[in-house]
Amino acid sequence: MARPRQAPIAPGATIGILGSGQLGRMIALDAARLGYRCHAFGPGAGDPAMQVCAAATVAPYDDEQALAAFAAAVDVVTYEFENVPYAAAAFLADRALVRPGPAVLKICQNRLREKDFCASVGAPTTRYVEVGGPEAVARELRELGAPAILKSAEMGYDGKGQVLVKADSDPRAAWETMAGHAPEAIGILEALVDFRMEISVIAARGLDGQINTYVPVENRHRHHILDETLAPARLPPALADKAEGLARLLAEKLELVGVVAVEMFVTSDDRILVNEMAPRPHNSGHWTIDACVTSQFEQLVRAICGLPLGSTERHADAVMKNLIGDEVERWREAVGEPNSKVHLYGKAEARPGRKMGHVTRLLPKRQG
Ligand code: AMP
């Protein structure tokens, strides 16, 4: 439903970014183009976002004095990853505008809350159940059917804290792989999805309730880390519409102000199931920087500052390849390719599994 217009936070204002990785860096670069200043808050001096922000606070997320000073120094706060502590976002929300609001963060930080939320608004997911220890894993596996995937309810990303549990797996070993020895760990056991494609849709929702979505894209993972994104996904129009509709529904029901990435499975019998949501720009949306009228990063800035959302129209199709670890060296070839755009994140050390940059290859636009 449309909301009454509020005065926008005009260019010249300062956007606070909780987190200081590459997503923060790309938010700041697009914000600067619109005339905003950015102030990053994170624990690591010299992090990718710190290198391009007008101001930076290097402090742990539980440093209340630093958080209070940060809140006082900015006009609006957003976050660039969903595992910033909820307490930090809530503390800031008492002192500054935080968009998306902490309630959205709370849902998206926890796989159980996230899937319960999807169920409550009619967005289909795979079957799932909460498990509190190895005995529950053994019991629920019989209900759900093997194999299933055991994930930690919180702090999981890029496949961390996940394990495939088969009929003959040792539930205790599976639990320990997932939870380590944390006594308070909560797990979620998910029915294995027989998918033919992994896709995501990025939706932005403005302060006035307007929602714009980007086309669904196709994601290929390697070692549980996003490797390549194909934009648009090779889907029949009816399925693409369905996926966009789900992202739109979730953005609306979350009462989001900002950007949400919704990762989904396309099953072999053509159903679409939501896997997870990230209430922030997403790796699978990096192609929008070079191939769309408005990038996902500019869209976030527009949403949280109360500007009208920009067009999500694409002027090219695209393949986005992440440069992970040593692959960063591929910038040398890519930078000479006429239709490729190289993005490097300013990280000094190319550790295995570390996202160092990405290359977006632009292709002639197909229909649609
Ligand atoms: P996630 O951290 O939930 O995004 O999971 C990482 C990857 O594991 C996904 O991109 C899928 O490739 C795979 N995966 C996660 N959950 C399931 C599931 N329930 N069934 C099949 N594959 C899954």
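Contact here means heavy atoms within 4.5 Å. This is a predicted model, where local features need pLDDT of at least 70, side-chain atom pairs count only at pLDDT 80 or more, and totals for chains, interfaces and linings use all residues. Residues are numbered from 1 along each chain as its sequence is written, and side-chain values use heavy atoms, with hydrogens and water left out.

**Exercise 1. Find which residues L250 touches, then place L250 in its core.**

Step 1. Skip residues up to four places away in sequence; L250 then touches F117, C118, V121, A123, V262, V274 and M277.

Step 2. Next, the core. A nonpolar core is a set of buried Ala, Val, Leu, Ile, Met, Phe, Trp, Tyr and Cys residues joined through side-chain atoms within 4.5 Å. Buried means under 20% relative accessible area, exposed over 50%, and partly exposed in between (1.4 Å probe, protein chains only).

Step 3. The largest such core has 49 residues, and L18, L250, M264 and M277 touch the most other members. Helix α8 (residues 237-253) gives the largest share, seven residues. Helices (H or I, at least four residues) and strands (E, at least two) are DSSP runs, numbered from the N terminus.

Step 4. Why does this core lie between domain 1 (14-108) and domain 3 (195-363)? Because both domains give residues to it. The bounds come from an automatic or database domain assignment.

Step 5. Don't stop there: a second, separate core has 40 residues, including A231, A261, A318 and M320.

**Exercise 2. List the domains of the protein chain and say how far apart the centres of domain 2 and domain 3 are.**

Step 1. The assignment gives domain 1 (14-108), domain 2 (127-191) and domain 3 (195-363).

Step 2. Taken over C-alpha atoms, the centres of domain 2 and domain 3 are 28 Å apart.

**Exercise 3. Work out what surrounds the ligand and how much of the ligand the protein buries.**

Step 1. Collect the shell: a residue is near a molecule or strand if one of its heavy atoms lies within 4 Å of it. There are 15 residues around the ligand, and K151, Q162, V193, E198 and E276 come nearest.

Step 2. Map the shell onto strands. At least two shell residues come from each of β6 (148-152), β8 (187-191), β9 (195-205) and β14 (272-278).

Step 3. Check the N and O pairs. A polar contact is a pair of N or O atoms within 3.5 Å; within protein, one must be able to donate a hydrogen and the other to accept it, and residues adjacent in sequence count only if both atoms are side-chain atoms. R111 puts a polar side-chain atom 2.9 Å from a ligand oxygen atom. A side-chain N or O atom of E190 sits 3.0 Å from a nitrogen atom of the ligand. For V193, a backbone N or O atom lies 2.8 Å from a ligand nitrogen atom.

Step 4. Now the area (Shrake-Rupley method, 1.4 Å probe; for residues, only the protein chains shown count as cover). Alone, the ligand exposes 470 Å², and the protein buries 92% of that.

**Exercise 4. Characterise H221: which strand holds it, and what does it touch?**

Step 1. H221 belongs to strand β11 (residues 217-222). Its relative accessible area is 33%, so it's partly exposed.

Step 2. Leaving out residues up to four places away in sequence, H221 touches E198, L226, D227 and E263.

Step 3. Zoom in on E198. The side chains of H221 and E198 make a polar contact of 3.2 Å. Their C-alpha atoms are 8.9 Å apart, with the two positions 23 residues apart along the chain.

**Exercise 5. Is K355 buried or exposed, and which side chain does it pair with?**

Step 1. K355 is in strand β17 (residues 355-363). With 15% relative accessibility, K355 counts as buried.

Step 2. Its side chain and that of N283 are joined by a polar contact of 3.0 Å.

**Exercise 6. Hunt for unusual backbone geometry, starting from the usual case.**

Step 1. Most residues other than glycine have a negative phi, and most peptide bonds are trans.

Step 2. Look at omega. The bond from A146 to P147 is cis, with omega near -5°, and P147 is in the loop between α6 (134-144) and β6. A231 and P232 are also joined by a cis bond, with omega about 0°; P232 is in the loop between β12 (225-231) and α8.

Step 3. Look at phi. H224 isn't a glycine, yet its phi is positive, about 70°. H224 is in the loop between β11 and β12 and counts as exposed at 51% relative accessibility.
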